[in-house]
Amino acid sequence: MQWHQIEVDWIVTDLKTSLQGISQIEAQRRLHEYGPNELREKKKRTPYVMFFDHFKNLLVIILIFAAVIAGVIGELVNALAIITIVILNAVISFIQEYKSEEAMAALKKMAAPSSTVVRDGMTSSIPAAVIVPGDIVILEAGQIIPADMRLFECANLKVDESALTGESIPVEKNISILHDDYLPIGERKNMVYQGTIVTYGRGKGIVVATGMSTKMGMIAALMQGVEDVKTPLQKRLAAFSGKLAFMIIIISAVLFAHGIVRGEPLLPIFLTAISLVVAAIPEALPAVITITLALSAHKMVKLNALIRKLPAVETLGSVTYICSDKTGTLTLNKMTVEEIYLNEAVEDVKALREQNGNSFGTLSDQSYDTFFTALALSNDTQVDADGAILGDPTEIALYNLAAANGFTKSILAAKMPRVGEIPFDSVRKCMTTIHRAAARHDNGMTVNGNGAAFVSYTKGAVDVLVERADNFLTSEGLKPIDKEEIIAINERMAAKGLRVLCIAIKKWDTLPADISPENVEKGLIIVGLAGMMDPPREEAIKAVSICKTAGIKPVMITGDHSLTAHVIAERLGIVENGANSVVTGRELDVFTDAEFSKRVEHISVYARVAPEQKLKIIKALQDKGEYVAMTGDGVNDAPALKSANIGVAMGITGTAVAKEASSMILLDDNFATIVNAVREGRKIYDNILKFIRYTMTANSGTIWAIFLAPLFGMPLPMLPVQILWMNLLTDSLPGLALTAEPAEKKIMQRAPRNPDESVFAHGNGAFILIYGLFIGITALLFQAYAIREGLAWQTMFFTALVIGRMAVAMSVRSNIDSLFKIGFFTNKPLITAIVCMSALQFMAVYVPFMHGIFRTEPLTVQEMALTLALASVVLVVMEIEKFWRRRKV
């Protein structure tokens, strides 16, 4: 029901109520019919279920199986390490998920505890939960509105609807019927909504919706209906785990069967096959990913991005669209005067400041003097004890312009005190203040001229004031007003997206006895026009450019007018070459799903869009396979934030509900912060891939060696305990250190990774297979040589694979740049890990009591030199391959 379009009398009849309220008996009947005025939650998973759901992942199941096997064959340390990793990963994931479920709780906190209603013609205070449709509710300043209501009585009523719409300025309410079918919530001036707050005045309204039927209830239903979106990494790891499990089972089964055929003892070959299973699994992968994401989340706080859900860090790297609010995110959220019209000329404020050192220079012209005095005095801004300027954003812009040019309100007000005023209202579209006149300023400039005792300053809509004016003030004095010229100037300024105000004065010999609009606001003298806008952030302009280079499409979404939105989008670079790709909320409502699907990828700006329409935009883009980051601050944004691949809430202006529904919070409400976070997300995914590349290449080398040795009639090169030790030693710290690798230089000059691509894409699979086979074959050749020469071949083989893994870790730091270019010591955590791992391996070789555990023997200098030479071969080959790849680029 479009209640804002309906007469109050009809609503009274339709709801079977009266302006004296319903009876207590009828209220009880309706409470039974409609239910309590509360937000209802669907049944949630218990914490117990949420925790154990994290053990249903295939990779986790494989790890648990590996831990059990390790325990059965006596490797308790390895088994405990794997189980600890699995539990730690589950605990961290559970905490993040549990926190993300708190959005409904935040929504419920916005409910009013009690309200004043009229029932049986009498006023009483009742719990908000028992309010029913048809109730008459009395509203006063400070109250939380308990339900959706149609107003029928208002006295200067203003309501803070920022929780619902994200707009920070209180909305002035009235009772007039509205005829527009497509009015967004923020413009339904005759309606008030549950959860919003009365900031000024009083009023009465008829309750038209309660509980889940309110706008807040609809948002709650949408939020509960939105399914959690799987991140690209979660999808990739699920596919990776399936392929890995299949591969491990096949290789182990073949190895075990071949051993049986060769007549090898059953237990040793079984233990080797099982050890191979454990060796092939990158058991450190879940822990490395979780710790990496946690460390990155901590780092991103310094970039003004607070990560609420750990997987969001990596998801940022796959974002293809950033749909951003305009106000405060792409713009400064600070109205600024950009152009003024004085002395029959339009002047650019920024250019004038640059010419005169942040001011307009020494002014000696009466029109300038009068104009800036008017801006300072006809102004209700206040400066608090901390020096912050408080007031309406438009008035703050005028105040700042005047102050920047030496016209300070406090100094002027002391000399020209306000003695009367006519407040702004939406019907007149102007305001007036009356001041006792002062003949001259300290700088000698005339204020009001020729001895007038009082002066009134009027500011408001251009089309209104030109009809009430007779003259225009210039440097040469008064001239008859040219209304057509002023209207034309206004239209040209408005066409640039500026909000234009007209400034006028009137002189009085005595204080008028009748301070009314009809008496004071006529026979005016136009002084000039001020055109202002909330300008783009400089850093946002650069960030938009980076987005485009990185293959990410920035999209602006705003509740502002389409012209303003288009101008800002052009200045930001979102829209280029004069292209008009602006779609309004009204047009969006008319589009069928099929029509919108065809157009959605060609739209760069959405104007006059209601927050709930963001959900439609997200779903259309996601249906096209796009990965969407969406910003929001109001309660109405919460379903969209939850549905987006990355929901980004505003840290300064955002509501608690929006923050709880989001994956990431911008602590500075700045678009550039999102782009910085995307850069970090790409780096994190790159580094996780480097870890997978490293661990799978090293593991596959081991698998190839153990698998091929029996086929060539050679003894198994490693014992189960050696395999498990190597895996435990080399998968953890070196892998974690790889994730600290700095971002590659051109990371934001490439397209986002396809969210559906495998971790084996872009040659990763071939790299793992080829280099794994290379490591396996060279190791077997080394084994054959060592056996022939009567050397300590098994200890040499064992040590060569461990140290060789360190060489692989160093090489995979970059896919194309030489290690000599990026520097051996630029990743200090990796160097530390290599030193520690090498020391532990040397202990296994040279410390006597460890010989019995790992079946090792001390190596001679010659044997160790040969071992280290073999370990470095893979590094040399990888560097040669990178050299040839660079030659081809």
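1. Helices, of at least four residues, and strands, of at least two, are taken here as DSSP runs numbered from the N terminus. On that basis the protein chain of this predicted model contains 35 helices and 26 strands.

2. Some totals describe the chain as a whole. Of its 889 residues, 54% are buried. The protein chain exposes about 37600 Å², and 60% of this area is supplied by carbon and sulfur atoms. When contacts between residues at least 6 apart in sequence are considered, 72% of them join residues at least 24 apart.

3. Strand 4, residues 148-160, pairs with strand 7, residues 197-209, through ten bridges, and the two run antiparallel. Within this pairing, aspartate 148 of strand 4 lies opposite alanine 209 of strand 7.

4. Strand 4 also has two bridges to strand 6, residues 191-192, again in the antiparallel sense. Here arginine 150 faces methionine 191 of strand 6 as its opposite residue. A further antiparallel pairing, with two bridges, joins strand 4 to strand 5, residues 171-172. In that case lysine 158 stands opposite glutamate 172. As a general point on such elements, side chains in a regular strand alternate between the two faces of the sheet.

5. The length of helix 20, residues 538-549, can be checked against expectation. Its twelve residues, at 1.5 Å each, should span 16 Å, and the C-alpha atoms at its ends are 17 Å apart, so the two values agree.

6. Which residues of helix 20 are buried? They are Ala540, Ala543, Val544 and Cys547. Because these four cover an arc of only 105° around the axis, they lie on the same side of helix 20. The general background is that an α-helix has 3.6 residues a turn, so residues three or four places apart point the same way.

7. The face of helix 20 turned away from the buried side carries Glu538 and Lys542, both of which are exposed. For the reader inspecting the model, the cut-offs are under 20% relative accessible area for buried and over 50% for exposed.

8. What covers the buried residues of helix 20? The cover includes two strands, strand 9 (321-325) and strand 21 (553-557), together with two helices, helix 21 (562-572) and helix 27 (671-711).

9. One backbone feature at the end of this region deserves a remark. Glycine 551, just after helix 20, adopts a positive phi of about 75°.

Definitions and conventions:
Residues numbered from 1 in each chain as written. Predicted model: local features only at pLDDT ≥ 70, side-chain atom pairs only at ≥ 80, totals over all residues. Heavy atoms only, no water. Pairing = 2+ DSSP bridges. Buried < 20%, exposed > 50% of the residue type's maximum accessible area, 1.4 Å probe, protein only. Contact = heavy atoms within 4.5 Å. Areas by Shrake-Rupley, 256 points an atom, 1.4 Å probe, with all protein chains shown as cover. Expected span 1.5 Å × (residues − 1). Arc of directions from axis to C-beta.
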